[in-house]
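Thanks for coming, everyone. I'll put one structure up on the screen and walk you through it, starting with the chain as a whole and then going to a few spots.

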Amino acid sequence: MEIRVNQIVLNGHTFQYRESGDVSAPPLVVLHALGKSAESWDQVAAALGENYRVLALDQRGHGGSARTNTYTFELMCDDLLHFADALNLGRFSLIGHSMGGTVSYLFSQTFPSRIDRLIVEDTPPPFSDEPIEVPSQPSGPLPFDWQVVPSIIQQLNEPDPEWWARLTDIMMPTLVIGGGSSHIPQNKLQEVSELIPNCELVTIEDAGHFVHEDNLSAFLAAVTRFLSKGQAHS
C-alpha cells in the first residue's frame, strides 16, 4: 500500500500528513499520541487503506508539522477542523490515540455533524487525579517540540470539566478500545462508554497503552468490524 506524504498550510502553519487508499474512498482521519507522529499509523493505514482514504495528520509540534510554540487540545481541535475543511471532508470517521484521542473527543463534541464514526484508543478525556510531574527534557534532538509536553501535562493536571460533561453530546456511533494492562485506568474508559449514548467498549487484554502497535491484529479486527457496520448503512 503506497503512502503519500503531503504538506498543507492551515491557518498560516504548515502541516504534514500521510495519505493512503483511494481518494474516492470514505475518508478516515487518524491522530497520533504525544511525542509520536503520523508515521506511527503506517501499519494501520496499510490495512485500512484497502477500503478507506486514510489521512494521518502530524499534529502541531510533531513530525513534519509546524513548531508553533503554543499547544493545547483546543488548538489541535481547531487544526483538525482546518484540515478537514481544506480537504473538503464533509463527514469523516475519526480515530485518535492518547493525546489524539482527547482531540477526537473534543472535536466530536464540538462538531458532531462532521463525524460518521468515532474510535478512541485507550484514553478518556483528562480527569483530576494525582498531578503529573513534567519530566526533564532529554538532552538529544527530538522528533517533536518539547514544549508540547509541559503544555499538555498542564491541561492533564487542570482539565476542563466540560470535556466530561459534554461526552453526552457525542451522538455518532463510538468505539473505545482499551489496552487492558495499560497505565490508563480502564474503569475510566468504562465511564466514558456509559456517558456517550451510542458507545461500545472493547478491551484488548495485555496490549498496554499502544494497542495498535502491541496487538495490531486485534486492534484491526475491532476497528474493521466497527467501521464496516457504518458502510452497511451508508
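Let's start with contacts, meaning heavy atoms within 4.5 Å. Take the contacts in the chain with a separation of 6 or more: residues 24 or more positions apart account for 74% of them.

Before I go on, the small print. This is a predicted model, where local features need pLDDT of at least 70, side-chain atom pairs count only at pLDDT 80 or more, and totals for chains, interfaces and linings use all residues. Residues are numbered from 1 along each chain as its sequence is written, and side-chain values use heavy atoms, with hydrogens and water left out.

So what is the chain built from? Eight helices and eight strands. Those are DSSP runs numbered from the N terminus, with helices being H or I of at least four residues and strands being E of at least two. The C-alpha trace spans about 45 × 40 × 30 Å along its principal axes. The radius of gyration is 16 Å, which agrees with the value near 17 Å for a compact globule of 234 residues. That one is taken over C-alpha atoms, and the globule rule is 2.2 Å times the number of residues to the power 0.38.

Now, burial. I call a residue buried under 20% relative accessible area, exposed over 50%, and partly exposed in between, with a 1.4 Å probe and protein chains only. Buried residues make up 53% of the 234.

Which helix should you look at? Try H3, residues 99-110. Eleven of its twelve residues are buried, so H3 is largely enclosed by the rest of the structure. Among them are Met99, Tyr105, Leu106 and Phe107. Its length works out too: the twelve residues should span 16 Å at 1.5 Å a residue, and the end C-alpha atoms are 17 Å apart, which agrees. The expected span there is 1.5 Å times one less than the number of residues.

H3 has company. The buried residues of helix H4 pack against H3, and also against helix H2 (73-86) and helix H5 (162-165). H4 itself is residues 148-157, and its buried residues include Val148, Val149, Ile152 and Ile153.

Next, two asparagines with unusual backbones. Most residues other than glycine have a negative phi. Asn69, though, has a positive phi near 70°. You'll find Asn69 in the loop between strand E4 (53-57) and H2, and at 59% relative accessibility it counts as exposed. On the other side of H2, Asn88 sits in the loop between H2 and strand E5 (92-97). Its phi is positive as well, near 55°, and at 69% relative accessibility Asn88 counts as exposed.

Two last stops. Where is Ser181? In the loop between strand E7 (174-178) and helix H6 (186-195). At 45% relative accessibility, Ser181 counts as partly exposed. Leaving aside neighbours within four places in sequence, Ser181 is in contact with Asp206, Ala207 and Gly208. Ser181 and His209 are 28 residues apart in sequence, yet 7.6 Å apart in space, C-alpha to C-alpha.

And then Glu2, in the segment before strand E1 (4-10). Glu2 counts as exposed at 54% relative accessibility. Setting aside neighbours within four places in sequence, Glu2 is in contact with Glu19 and Ser20.

That's my tour, thanks.
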